Amino acid sequence: MKSKRFCHSGSSLPAILIQSPGHVGQAFQPAGEWGFPAPRVRPGDWKVAGTGRLESLPYLTSYGIGLLLLAAGCALASEPTPSVPETIAVETYARRAFNYLDNMADKDGLPYFNIFWAEPAQAAHDWPDFGDVTSRQLQGAIMARHMAGRSARLEKDWYKQVLSRLDAKSGLLVRPKTSYCEPGADLGDQALTLYALATAYAENRDPALRAAICKLVDHLPSLYTPDHWLRGFMIKSLMTCVRAADYKPALDQAGQLVKSVFEEHPAFTPDNTFRHGGHMHASLRTLVGAADYALYVKDPVLFSRVDALYRYVRSEGTRFGFLPEVIGRKGDVVSCETCALMDYVGTGVSLANNGHPEYWGDVERTFRNQLVESQIVDGSWLKPGDKPDTEQFSWRDIGGRMVGGYAGWSSPTHILAAREDLQWGGPELRGKTRATQNCCGGSGTHAFFIVWKNAARFENGTLSVNMHLDKLLPQAEIRCYQPWRGLLTIDLRANCRVRVRIPEFVSPSDLAAKSSEGEVNLRIWGNYAELGERKAGEKLEVTYPVPVREEECSIGNPGFRQFRYRVTWKGDTVVKMTPLGDMPEKAYSDFDKKQVPVFYGTEGPGPLYQREPMLKDAELKPAALQMDDGTLDFWLLH
Ligand SMILES: [Zn+2]
């Protein structure tokens, strides 16, 4: 059924509401009392990530004052762009996210879902702000703290906000009534809230929080309907409750939902696609959860289906990580949502950690390219205004406050693919041009966290370098110099076996390794090079060629306009994106039912892949790293 039910109290996940061909509008479901009941759960002890920040001496010499301020917890607007390039570390992008997290909220700490591209640009509250957006921001802030060693200004406030919206009787998150929001409890809000609270519980172990989580889980079945399009969206949230809080009813519900989605009312075809139509974020979140469930209950058939569906998804995207937000759009506009990239890398690492190491390359390429490019670094195309904030709107420095936030709909060349309008809400919202949707505001940081947790791991006496990214573990400091150079160094701090994934563009015979303590005999095993038993104090170097090569690719909805590109790669990094052929200034939007300005060529807001300096070698500064203490790991899943 094609959804055109764009009401305020519609089911959650705003992007899906307007865009999923499979969306089924959900009737409003009362959930007892609503409003703002007093918090019933103590925030508990907030364990701030340790002071494991690692600064190299040369870096400190150049950036010492700025970093000392950062270490002191000062709220710098954003990371300065270094004049000398740095090694690629996820921490760099996590630190940039603080500008968005700290500033894109109103005086009461409520984040804004909508950013409108108007003169001046506007931030506007909308119904997703109370459940969806706040819960994602809370979870993103917790994850950002682990990656950056400092807390977002509003993290504790968001925690209190979410807890205060849990209904006293049902335990469900209930949106309040405002001029732009109808009260209600829906499944999407519950899924995102449960995942955020389970993340907080995995860290603070507060018994009162566990009680709140269990109460919420107990009341979820009242929201399940046999063909609810967000059934699968809940599975990962439930499995995180199972693993973090050991709550058996959550496992039972996850099993029922898996059965519903994969057997009773299938969301996917028997040949493992959703070619018939589907929302990428919702479908991939279902796969992240199903992979977790399959591993927990040891169901190889289900795990195999997740693998097959993942392979279908990667066939719908590009090698640099552009994924269509919706499968089955009947128009020319195609765009990539950061929320979908989060669940793409989430599914990829869940598979890669459990028998499919061939997918590490997908995750690393997606991170290095479309995910990194989806973080806003220049919002100057969003013109500032000087009107004071109202209850619903803000016009103050929207472009500056969005730096560190994320694209809602990127193209391969621009931070926004098309000038489409909001199709829901009252007259103060409807018809305005959307610049970003800030569901992606928490999701982008969550995506970075998934990559950060999995870049390298130490398990059972073995250090595995899965991605060629900088990483600091208690057992090793790993530095990688791609794309400038084919060099990876490991400074070992523990006796262990060492293995390094061989990049897809490297022939195993072209890979070499040496140690400060003598010769290293490499053993090639699958797509890893094994460096054998090494000793603490050894410095290892792995070298390989980083070829520059070109490929052509296209994106577009089947049966509609296709957009072609020449992609210049250096190793796993795109260093240039060249549009090919005639790129139209306008194209047909099936949502707006008209031709709209599109940005697939050289002209448009927020140009991406401005990376030609990466074609040359350069002296690099080591990026500042944060020690991974091993907590909050939702993807290893043995
Ligand atoms: Zn999103």
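Two residues are taken to be in contact if their C-beta atoms, placed from the backbone, lie within 7 Å. The model described here is predicted.

The protein chain holds 15 helices and 22 strands. It has 638 residues, of which 54% count as buried. Among contacts with a separation of 6 or more, 71% join residues 24 or more positions apart.

Two helix pairs are considered here. Packed helices are described by the angle between their axes and the distance between the axes. In one pair, helix α3 (residues 90–103) packs on helix α15 (residues 439–454). Their axes lie 10 Å apart, at an angle of about 160°. Angles over 145 degrees count as roughly antiparallel, and α3 and α15 are therefore roughly antiparallel to each other. Their crossing is left-handed. From α3, the contact draws on V90, Y93, A94, A97 and Y100. These meet G441, G444, T445, F448, V451 and W452 of α15. By class, the contact of α3 with α15 has eight nonpolar and three polar residues. Charged residues are absent from this contact.

The other pair is formed by helix α4 (residues 132–148) and helix α6 (residues 187–204). Their axes come within 8 Å and cross at roughly 25°. That angle makes α4 roughly parallel to α6. The crossing of α4 past α6 is left-handed. On the α4 side, the contact is made by D132, S135, R136, L138, Q139 and I142. On the α6 side, G188, D189, L192, T193, Y195, A196, T199, A200 and E203 take part. The classes in the contact of α4 with α6 are six nonpolar, five polar and four charged residues.

The strands considered next belong to two open sheets. Strands of a sheet pair through backbone hydrogen bonds, either parallel or antiparallel. One sheet has five strands, in the order β7-β8-β12-β16-β15, and its pairing is mixed. Its edge strands are β7 (456–459) and β15 (523–525), each of which pairs on one side only. Neighbouring strands of this sheet are turned by 25° against each other on average, direction ignored.

Both senses of pairing can be followed through β8. Strands β7 and β8 run antiparallel and are joined by four bridges. Here A456 stands opposite V465 of β8. The hairpin of β7 and β8 has two residues between the strands, and N460 takes a positive phi near 50° in it. With β12 (residues 496–501), strand β8 (residues 462–465) pairs in the parallel sense, again over four bridges. S464 has R499 of β12 as its bridge partner. V465 stands opposite V500 of β12. V465 thus faces a residue in each of two strands: A456 is opposite it in the pairing with β7, and V500 is opposite it in β12.

The other sheet has six strands, in the order β9-β10-β11-β17-β13-β14. It is open, and its pairing is antiparallel. The edge strands are β9 (471–473) and β14 (518–519), and each pairs on one side only. Within this sheet, five bridges join strand β10 (residues 476–480) to strand β11 (residues 487–492). The two run antiparallel. I478 has I490 of β11 as its bridge partner.

Two single residues complete the account. P111 lies in the loop between α3 and β1 (114–116). A residue is buried if 20 or more other C-beta atoms lie within 10 Å of its own. P111 has 26 C-beta neighbours inside 10 Å and so counts as buried. Leaving aside residues up to four places away in sequence, P111 touches M104, A105, D129, V133, T134, Q137, N438 and G441. G441 also belongs to the contact of α15 with α3. The C-alpha atoms of P111 and A123 are separated by 9.3 Å, and these residues are twelve apart along the chain.

S260 is placed in helix α9 (residues 248–264). S260 has 19 C-beta neighbours inside 10 Å and therefore counts as partly exposed. The residues touched by S260 are P226, R231 and H265, not counting those up to four places away in sequence. S260 and T225 are 35 residues apart along the chain, and their C-alpha atoms are separated by 9.8 Å.

Conventions. Residues are numbered from 1 along each chain as its sequence is written. This is a predicted model: local features need pLDDT of at least 70, side-chain atom pairs count only at pLDDT 80 or more; totals for chains, interfaces and linings use all residues. Two strands pair if DSSP finds at least two bridges between them. Axes are lines fitted to C-alpha atoms, for helices over the stretch in contact, and angles run from 0 to 180 degrees between N-to-C directions. Angles under 35 degrees count as roughly parallel, over 145 as roughly antiparallel, 65 to 115 as roughly perpendicular and the rest as oblique. A crossing is left-handed if the near helix is turned anticlockwise from the far one by less than a right angle, and right-handed if clockwise. Ala, Val, Leu, Ile, Met, Phe, Trp, Tyr, Cys and Pro count as nonpolar, Asp, Glu, Lys and Arg as charged, and the others, Gly among them, as polar. A residue is buried if 20 or more other C-beta atoms lie within 10 Å of its own, exposed if 12 or fewer, and partly exposed in between; C-beta atoms are placed from the backbone.
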